[in-house]
Amino acid sequence: MSDLTKMSAAQLAKAIAGKEASAVEVAQAHLDRIDAVDERVHAFLHVDREGALAAAAKVDRGEVTGPLAGVPVAVKDVIATKGVPTTAASKILEGWRPPYDATLVERLRAAGTVMLGKTNMDEFAMGSSTEYSAYGATNNPWDLGRIPGGSGGGSAAAIAAYEAPLAIGTDTGGSIRQPGAVTGTVGAKPTYGGTSRYGLIAFSSSLDTPGPCARNVEDAALLHAAIAGHDPRDSTSIPQPVPDVVGAARLGATGDLTGVKLGVVKEFAGDGSEPGVLSAFHESLEALVKLGAEIVEVSCPHFQYALPAYYLIAPSEASSNLARFDGVRYGLRVGDDGNRSLEEVMSLTREAGFGPEVKRRIILGAYALSSGYYDAYYGQAQKIRTLITRDFESAFERVDVLVSPTTPFVAFPFGSRTSDPYQMYLADLFTIPTNLYGGPAISVPCGLSEGLPVGFQVMAPTLADDRMYRVAAALESTVGTLTPPAL
Ligand code: GLN
């Protein structure tokens with residue numbers, strides 16, 4: 001492994017700006033690393049070698065500047081990249097090359113980053129393991145027989161395997177944070193509306209939030225700052241300044257949390273998690289107390305209904321969003337032999353193009369939205385969403401942030417949760433409440449359980465993304481970052 005691939009994004013940006021390394025050299029080192037390990041990891045669905053080297057050459061020629069000039073980044077395949085294949089890991093979009101860039105891709109370019117390629121994921125971001133990718137799963141760099149989390153397992157595995165220093169994910173119910181937790185990396189979900197959804201292939205529009213994946217908290221904050229901020233092309237984008245997440249991460253790294261109140265969510269701190277996860281979590285709490293933090297137990301009684309409410313709201317929105325994949329406008333078309341009706345072609349296309357989990361969600365969502373069931377299911381779930389938001393709001397009257405394990409269990413072996421969908425859904429037990437509320441949350445490594453990484457989650461009030469970076473960086477300053485055994 002080259003030294004360049006071991007460096008953080010902050011170090012790379014500095015080295016390139018100071019002409020100690022060229023952007024082309026840095027891009028080439030990461031492309032070489034991808035060539036060496038990605039056959040085993042399978043983090044990427046598409047590697048854009050030419051595009052990356054051309055973008056890096058522009059940085060070296062001084063045509064592109066920016067805070068992350070020359071730093072490589074990998075982008076989840078649910079995000080539109082002009083001229084570069086974008087499939088959402090679905091057969092229905094195989095070969096689709098978008099005619100435009102997502103806002104965040106434009107911003108990545110403006111910041112000077114070099115896009116290496118598109119990362120693997122569960123189809124349409126539905127899942128917690130990447131096992132629902134139509135192109136085969138990603139393997140966890142810590143143990144190639146285990147899942148890297150999902151849906152953004154490719155982005156998390158790419159950075160854990162040193163194929164990229166930075167990656168972009170999207171978090172609808174936990175798809176940035178849970179992969180971060182099980183790969184020993186940092187994953188942050190910004191405040192909903194803090195990062196633009198324009199150019200994201202929509203799953204659940206009231207929940208989808210793009211955000212950063214990195215190997216340390218400062219790098220995550222740098223990437224967050226590069227992509228965040230108001231976008232008039234997204235109607236739910238927040239027209240307010242982005243909090244100083246980079247400053248907060250640097251403040252946290254000094255290791256002083258004097259006066260900061262951490263609320264331990266009572267309902268998430270006990271049974272339901274693996275013992276090794278709980279002990280890493282409790283040891284982290286003790287470490288944070290040594291840094292000056294105060295621990296307060298808080299009860300969020302409606303969090304227990306978050307999972308069922310999410311599995312009505314997200315599939316309902318998905319059933320509507322995915323109606324556009326009809327064989328007419330994008331990608332796959334099946335059975336168009338001149339003899340079949342439009343409806344038959346649509347039906348054959350959707351039957352062949354969608355995988356089983358996507359079909360399950362479309363059916364569930366269409367059922368929950370149908371007249372007669374709307375009030376009983378979708379309407380009830382929306383009411384629960386309001387109660388969960390109130391739990392957060394009353395908790396934040398007493399504490400600065402809430403904390404919990406990120407996920408109840410460490411990376412599990414392939415195939416162990418695919419037979420029962422509910423077992424897969426449990427991976428997001430602790431991450432989903434935040435999505436329903438809309439606030440920011442981060443997962444930061446906090447130790448190992450049976451040799452596998454455990455994540456610590458920090459949840460903050462909406463628009464207070466800086467707070468979670470401060471606490472996460474403080475924890476990182478005592479527990480350090482994690483490195484998987486050599487591949
Ligand atoms: N695992 C959750 C789901 O399957 C969350 C997915 C996500 O955040 N995109 O819906």
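How many disulfides does the count come to? The count comes to 0. Before going further, I should say that this is a predicted model.

Let me take the two cysteines in turn. Cys213 is in no disulfide, and the nearest cysteine sulfur, which belongs to Cys446, is 18 Å away. A disulfide needs the two sulfur atoms within 2.5 Å, so a pair at that distance is not counted. Looked at from the other side, Cys446 is in no disulfide either; for Cys446 the nearest cysteine sulfur is that of Cys213.

Are these cysteines buried or exposed? Cys213 is buried, at a relative accessible area of 4%. Cys446 is buried too, with a value of 6%.

Now to the strand around Cys213. Strand S6 covers residues 209-214, and 6 of its 6 residues are buried, so the strand is largely enclosed by the rest of the structure.

Which strands pair with S6? One of them is S4, residues 166-171, which runs antiparallel to S6 and is joined to it by 6 bridges. Within that pairing, Asp171 has Thr209 of S6 as its bridge partner. Strand S5, residues 186-189, also pairs with S6 in the antiparallel sense, over 2 bridges. Here Gly187 is the residue that stands opposite Cys213.

A general point on strands: in a regular one, side chains alternate between the two faces of the sheet.

To put the Cys213 picture together: this cysteine is buried, stands opposite Gly187, and takes part in no disulfide. That is what I have on these two cysteines and strand S6.

Conventions: Residues numbered from 1 in each chain as written. Predicted model: local features only at pLDDT ≥ 70, side-chain atom pairs only at ≥ 80, totals over all residues. Heavy atoms only, no water. Buried < 20%, exposed > 50% of the residue type's maximum accessible area, 1.4 Å probe, protein only. Helix = DSSP H or I, 4+ residues; strand = E, 2+ residues; numbered from the N terminus. Pairing = 2+ DSSP bridges.
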